[in-house]
Amino acid sequence: MDQDFLPLKGTDHLEFYVGNAKQAAHYYQHAFGFELIAYAGPETGAKTEASYVLQQGKVRFVLTTSLVPDSAISQHVQHHGDGVKVLALWVDDASSSYHQTVSKGAISVMEPKVIEDKFGQVVISAIQTYGETIHKFVERKAYHGPFLPGFEAKSSSFSTEPVGLKHIDHCVGNVNLGDMNKWVKFYEEVMGFSLLVTFDDQDISTEYSALMSKVVANGNGYIKFPINEPAEGRKKSQIEEYIEYYQGAGVQHVALATDDILLTVSQLRQRGVEFLMVPDVYYDDLIARVGTIDETIDSLKKLNILVDRDEEGYLLQIFTKPVQDRPTVFYEIIQRKGAKSFGKGNFKALFEAIEREQALRGNL
Ligand code: FE2
């Protein structure tokens, strides 16, 4: 095999542009159990924006808001609502990552730039991906500060317990009708990813709507990006609803991995996180479909957790409702017990659950 021209060490962080970062940070701390670790804003010399850095396990989210009406951040929020702006990738060489991808056709967002403070230096570069979303390459081997230069360590005045979130399993993008293959090609040719799996509208259709999806992964498999596009159906697909409200392509859901989904989901529920519901009949023939599992059906049914099996094992998963008023970004909580797939066996039950929510919004 050719040498990986874009070696990625993992996801560095996800940055969300939001309308009110202070309140969003409180939500992620209280509801999802993240810990506040760093902050940048007027007090640290950033005059026009404020950012809160939250961490749990290896998952790091940055919530950024604009303090002025006419910035790129405020325009992004006006256009898209709260959403993921940056999928930042952790690399050993941000200059090489930039030059490799740009030479293969990536659109440049930021040429490699060295930023530094008393904790050392970081090299950052960035390229465009679908919609207004960007990939940043973050090289931090010469840095030992709390997050990035310009940020200072900050903790919360209140305590929050983690809920067992370990790392990002995958990040899904929704793109316009007809654009899925273009973006798959982008990840293959520009970023050296390979196609892992394809779902067509036969796999992912309900009575009303359909979608198609292809999953791309990088060389070491640490980074997985499923890309969805809407497919023709009798009614509006959930992907179209997303694109309408997000005003274009963007991140649909982020899957967060746990080692104990029963504990994670029961804590998330206690703290007010809302999940999609599947009907009880889903559990009636579960064992016939997935075989023997470690968990009791009752415990799964009580929390509405779904199960699917592939050749290598099984997985447990559940999806939240959108976490902002626009029906756009939501989360998946996933526990893998050998399975490396994405829960194909649950697509129908899930999409029907999403459509019930869509119908409540008058969008089906
Ligand atoms: Fe997913």
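1. The open sheet in this predicted model has 9 strands in the order 6-7-8-5-1-4-3-2-9, and the pairing is mixed. Its edges are strand 6 (108-117) and strand 9 (152-153), each of which pairs on one side only. Helix 2 (residues 72-80) packs on this sheet and touches strand 1 (10-17), strand 3 (49-56), strand 4 (59-66) and strand 5 (83-91). The direction of helix 2 makes about 100 degrees with that of strand 4.

2. Within the order given above, strand 7 (residues 120-128) and strand 8 (residues 134-139) are antiparallel and share 6 bridges. Ser 125 is placed opposite Phe 137 of strand 8. In general, strands of a sheet pair through backbone hydrogen bonds, in either the parallel or the antiparallel sense.

3. The loop between strand 7 and strand 8 contains Glu 132. Glu 132 counts as partly exposed because its relative accessible area is 37%, which falls between the limits of 20% for buried and 50% for exposed. Leaving aside residues up to four places away in sequence, Glu 132 touches His 76, His 79, His 80, Lys 85 and Ala 249. Between Glu 132 and Leu 303 there are 35 Å in space, C-alpha to C-alpha, and the two are 171 residues apart in sequence.

4. Which residues coordinate the iron ion? The donors are His 170 through NE2, His 253 through NE2 and Glu 332 through OE, at 2.0 to 2.2 Å. Their spacing in sequence is H-x82-H-x78-E. The pair His 170 and Glu 332 links distant parts of the chain: His 170 belongs to strand 10 (residues 165-174) and Glu 332 to strand 17 (residues 330-337), 162 residues apart. Both His 170 and Glu 332 are buried.

5. There are 4 cavities of 30 Å³ or more in the structure, and the largest holds about 260 Å³ of space. Its lining consists of 24 residues; those nearest the centre of the largest cavity are Asn 228, His 253, Phe 319, Phe 347 and Phe 351. His 253 is also one of the iron donors.

6. Which elements supply at least two residues each to the lining of the largest cavity? They are strand 10, strand 12 (210-217), strand 13 (224-231), helix 5, strand 14, strand 16 (313-319), strand 17 and helix 9 (347-360). Helix 9 gives the most, with 4 residues.

7. Helix 5 (residues 238-246) includes Gln 238. Gln 238 counts as buried because its relative accessibility is 8%. Apart from residues up to four places away in sequence, the contacts of Gln 238 are Ser 209, Leu 211, Gln 252, Phe 351, Ile 354 and Gln 358. Of these, Phe 351 is also among the residues nearest the centre of the largest cavity.

8. Two residues deserve a check of their backbone angles. Most residues other than glycine have a negative phi. Gln 247 has a positive phi, near 60 degrees, and sits in the loop between helix 5 and strand 14 (250-258). Phi of Asn 304 is likewise positive, near 65 degrees; Asn 304 is in the loop between helix 8 (297-303) and strand 15 (306-310).

9. Are Gln 247 and Asn 304 buried or partly exposed? Gln 247 counts as partly exposed because its relative accessibility is 46%. Asn 304, at 3% relative accessibility, therefore counts as buried.

Technical notes
Residues numbered from 1 in each chain as written. Predicted model: local features only at pLDDT ≥ 70, side-chain atom pairs only at ≥ 80, totals over all residues. Heavy atoms only, no water. Donors = N, O, S within 2.8 Å, 3.2 Å for Na, K, Ca; no water. Buried < 20%, exposed > 50% of the residue type's maximum accessible area, 1.4 Å probe, protein only. Contact = heavy atoms within 4.5 Å. Pairing = 2+ DSSP bridges. Axes fitted to C-alpha atoms, helices over the stretch in contact; angles between N-to-C directions. 1 Å grid on protein atoms, 1.4 Å probe; cavity = no way out; pocket = protein on both sides within 12 Å on 5 of 7 lines; lining within 4 Å. Points joined across faces, edges and corners; volume = space filled by probe spheres on them.
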